[in-house]
Amino acid sequence: MKQSQNDQVAKKFYEAPKIVTINLRPEEAVLGNCKISGSSGPGNPSCAIVPRCSTVGS
Amino acid sequence: MACVAEESPSGMWRVSFRIGEVSLGLTADQSFHRVLSLQIQPFCSKSEACDIEIRLVWANALTSPQGRLLFDSGSVWKLYEDSPGFVFDFSSPVLGPQPYKRLHVDRGFHQGRILLNRSCFPDPSTCNPLEYPLDELVVMHRLGRERGVEVHAAGMRDAEGNGYLFLGHSGAGKSTTTSLWNQQHSMTVLSDDRIILRENHGQVWMYGTPWHGEAAFAAPEKARIERFFILEHAPENKITQLTGGRAVGEIMARSFLPFYDAAALENTMSFLQEVVAAIPCYRLEFRPDGTAVEAVRQFRG
C-alpha cells in the first residue's frame, strides 16, 4: 500500500512534446559589437576601432 | 590584487588574469609596453601556469591567412581554421588594409600567440594586445571547452552572500535592475552586463567579468546562485517558472557561444541542461521600480 502511494507521488503528468521558437539576436550573440561609446567593456574606446589604452603600472 | 608585471632575468615580462576561473597569462619582451585596459586590471592574478598562455610577437606585416574562413563577425574580427588550430584576424579600416592584430591559438585554447602589426602601431605605447574583443573571445572559447558559459546578464550579491542573477538582452532591464537593487540594498555588483556561469559539485556559481555595460560594474567576485531570472519589462511584477527545455533555450539565447564550433555548442548545451536541472529558471516580468526588488527577495519558488 505504501509502495503504491509512493508510486503515485512519483508519477508525473505527461506533457506532449511541442516546438517552441526562441529567437536569437545575432547582433548581441556575437562579440565585438559596441553598445555605447566613451566607456569600457563592450562600449570601450576600441569600439571606435582606434586603439587607445591605459598603461598598467609595473 | 594590484596588476604588477613580473619580470624575468631574460628581459621578459608577464601578467596573468583570472576571469570566471579561467586563467590567462600574457608574456612579452621589453619591446612591448605593458598596456592593459583599466577594466581588466582588477582581474589580475598570480598564476605561474595559466589555462591559456599567450605570447606577444611583432609582425612587420600581416598578409591574408591561408586557412578556411569559419566565421565573419561583421565587426573587427574574422575566424579562420588552420591545421594546428584557429586564427583570429582583427581589422579596421581606420588602421589600414592589413589586420592590425592576429591571434594564433591551438584547438584546445591552451597556447596562443598574438602577432601585432608593427605598421599599425607606430607608437607601441598605444597598443593594448588584449583589447576587447580579443580578451573576451579567448575566455568565451575556452569556456566552451570546459564546464561554463558566458551570459548576457547582471549579477549581484547581497550582504548575506546570496547571489541574484538577471539574464536579459539589451534593453531588457539589466542596468535598471542593477540600479534599483543597488539603491535599496547594499549589493556587490559583479557585472551589469556579462556574467560567467560555472558549476561546482552541483552548485551553480556566477562570476563577474571585465566586460561591463552602461553602468560600468565589473568586479572580480563570485556568488552562488539558486535560481535564474530572465528579465522582461512589464506593467506588473510577475514570476513564472520556465520548464527544462524552454529554460535551456532562453538561457542559450542570452549566451555568448561559438556557433561555428559544434563540439563546443554540444558541450555548452549539456552544461546548461545540468545547470537547469540543478536550479530553477523563471521569467521575471517586472515594473521598473522598487516593488520588483521586493518581489524577488520575497519569492521562495
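Only 19% of the 58 residues in chain A count as buried. That chain has two helices and zero strands. Keep in mind that we're looking at a predicted model here.

Chain B is where the strands come in: there are 18 of them, along with five helices. Its radius of gyration is 20 Å, close to the 19 Å that the globule rule gives for 301 residues, so chain B is as compact as a globular protein of that length. If you line it up along its principal axes, the C-alpha atoms fill a box of roughly 60 × 40 × 40 Å. Of its 301 residues, 45% are buried. Take the contacts in chain B between residues at least 6 apart in sequence, and 62% of them turn out to join residues at least 24 apart.

Now split chain B into its parts. Domain 1 covers 6–131 and domain 2 covers 148–298. Their centres, taken over C-alpha atoms, sit 29 Å apart. Where the two touch, domain 1 puts in 10 residues and domain 2 puts in 10 residues. On the domain 1 side of that contact you'll find seven nonpolar residues, two polar and one charged.

What about the inside? The largest nonpolar core has 80 residues, and B:Leu165, B:Phe166, B:Leu167, B:Ile195 and B:Met206 have the most contacts within it. Both domains of chain B give residues to this core, so it lies between them. B:Leu165 is a good place to zoom in: setting aside neighbours within four places in sequence, its contacts include B:Ile195 and B:Met206, plus B:Ala153, B:Gly155, B:Ile225, B:Phe228 and B:Phe229.

A few backbone details are worth a stop on the way out. B:Tyr132 and B:Pro133 are joined by a cis peptide bond, with omega at about 10°. You'll find B:Pro133 in the loop between β9 (111–117) and α1 (134–143) of chain B.

Then there are two residues with positive phi that aren't glycine. For B:Glu21, phi is near 65°. This residue belongs to the loop between β2 (13–19) and β3 (22–28) of chain B, and B:Glu21 is partly exposed, with 16 other C-beta atoms within 10 Å. For B:Ala216, phi is about 60°. Look for B:Ala216 in the loop between β14 (203–208) and β15 (222–233) of chain B; with 17 other C-beta atoms within 10 Å, B:Ala216 is partly exposed.

Definitions and conventions. Residues are numbered from 1 along each chain as its sequence is written. Chains are lettered from A and ligands numbered from 1 in the order in which they are written. This is a predicted model: local features need pLDDT of at least 70, side-chain atom pairs count only at pLDDT 80 or more; totals for chains, interfaces and linings use all residues. Helices (H or I, at least four residues) and strands (E, at least two) are DSSP runs, numbered from the N terminus. The radius of gyration is taken over C-alpha atoms; the globule rule is 2.2 Å times the number of residues to the power 0.38. A residue is buried if 20 or more other C-beta atoms lie within 10 Å of its own, exposed if 12 or fewer, and partly exposed in between; C-beta atoms are placed from the backbone. Two residues are in contact if their C-beta atoms, placed from the backbone, lie within 7 Å. A nonpolar core is a set of buried Ala, Val, Leu, Ile, Met, Phe, Trp, Tyr and Cys residues joined through C-beta atoms within 7 Å. Domain bounds come from an automatic or database domain assignment. Ala, Val, Leu, Ile, Met, Phe, Trp, Tyr, Cys and Pro count as nonpolar, Asp, Glu, Lys and Arg as charged, and the others, Gly among them, as polar.
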